[in-house]
Amino acid sequence: MAEQEKNKIEVEIYGHTYKLVGNESIGHLRLVASIVDDKMREIKLHNQSLDTTQLAVLTAVNSVHEFLKLKEEVERLEEELKKLKG
């Protein structure tokens, strides 16, 4: 089985350039980088004293928190759907 070719792109996140590599589309990789950049800037607006490392960690913590909440909601909806199907 042939391995899928990976997409490679340079993106800017919070003033730094990063090379992203993944199986997802270039558009998806750009979107991910844009969301991370937006989240970091949003958090910095409310916490001016944070250095970049602290800001990155808080961004990761917030992102994982949001992911877990969405995952719980999907699981809840799947259970509800199962009940409706009988």
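Take "buried" to mean under 20% relative accessible area, "exposed" to mean over 50%, and "partly exposed" to cover what falls in between. With that in hand, arginine 76 at 41% lands in the partly exposed class. One caveat before going on: this is a predicted model.

**The hairpin**

Let's start with the strands. E1 covers residues 7-13 and E2 covers residues 16-22; the two run antiparallel and are joined by 7 bridges. Two of the pairings give you the register: lysine 8 sits opposite valine 21 of E2, and valine 11 has tyrosine 18 as its bridge partner in E2. Tyrosine 18 itself is partly exposed, since its relative accessibility is 38%.

What sits in the loop between E1 and E2? Tyrosine 14 is found there, in a hairpin that has 2 residues between the strands. Have a look at its backbone: phi is near 50°, a positive value in a residue other than glycine. As background, most residues other than glycine have a negative phi.

**Helix H1**

Next comes H1, which spans residues 26-46. Its length checks out nicely: at 1.5 Å a residue, the 21 residues should span 30 Å, and the end C-alpha atoms are 31 Å apart, which agrees.

Which residues of H1 are buried? They are Leu29, Ala33, Asp37, Lys39, Met40, Ile43 and Lys44. These residues lie on the same side of H1, because they cover an arc of only 160° around the axis. Turn to the face pointing away from that buried side and you meet the exposed residues Ile35, Leu45 and His46. So the list of buried residues includes charged names such as Asp37, Lys39 and Lys44, while the exposed face carries Ile35 and Leu45.

**Salt bridges**

The count of salt bridges comes to 5. Side chains of opposite charge can pair when their charged atoms come close. Three of the pairs are set out here.

| Pair | Closest N to O distance |
|---|---|
| Glutamate 66 and lysine 39 | 2.9 Å |
| Arginine 76 and glutamate 73 | 2.8 Å |
| Glutamate 79 and lysine 82 | 3.4 Å |

The pair of glutamate 66 and lysine 39 links distant parts of the chain: glutamate 66 belongs to helix H2 (residues 52-85), lysine 39 to helix H1, and they are 27 residues apart. How do the two ends compare in exposure? Lysine 39 counts as buried, because its relative accessibility is 16%. Glutamate 66 has a relative accessible area of 37%, so it is partly exposed.

The other two pairs in the table stay within H2. Arginine 76 and glutamate 73 are separated by about one helical turn, because they are 3 residues apart in that helix. Glutamate 79 and lysine 82 also both lie in H2, again 3 residues apart, or about one turn of the helix. The general geometry helps here: an α-helix has 3.6 residues a turn, so residues three or four places apart point the same way.

As for accessibility, glutamate 73 is partly exposed at 34%. Glutamate 79 is partly exposed too, with 40%, whereas lysine 82 reaches 55% and is therefore exposed. There is also a network: salt bridges that share partners join Glu73, Arg76 and Glu80.

**A nonpolar patch**

Besides its charged pairs, H2 holds valine 64. Valine 64 is part of a nonpolar surface patch with Phe67 and Leu68, and together the three have about 280 Å² of accessible area. Taken alone, valine 64 counts as partly exposed because its relative accessibility is 48%.

**From one end to the other**

How far apart are tyrosine 18 and lysine 82 in space, C-alpha to C-alpha? The answer is 43 Å, with their positions 64 residues apart in sequence. Tyrosine 18 belongs to strand E2, and lysine 82 is the H2 residue paired with glutamate 79.

Key: Residues are numbered from 1 along each chain as its sequence is written. This is a predicted model: local features need pLDDT of at least 70, side-chain atom pairs count only at pLDDT 80 or more; totals for chains, interfaces and linings use all residues. Side-chain values use heavy atoms; hydrogens and water are left out. A salt bridge is a side-chain nitrogen of Lys or Arg within 4 Å of a carboxyl oxygen of Asp or Glu. Helices (H or I, at least four residues) and strands (E, at least two) are DSSP runs, numbered from the N terminus. Buried means under 20% relative accessible area, exposed over 50%, partly exposed in between (1.4 Å probe, protein chains only). Two strands pair if DSSP finds at least two bridges between them. Patches are made of residues with over 30% relative accessible area and no salt bridge: like charges are joined within 9 Å, nonpolar side chains (Val, Leu, Ile, Met, Phe, Trp, Tyr) within 5 Å. Accessible areas come from the Shrake-Rupley method with a 1.4 Å probe; for residues, only the protein chains shown count as cover. The expected span of a helix is 1.5 Å times one less than its number of residues. The arc is that of the directions from the helix axis to the C-beta atoms.
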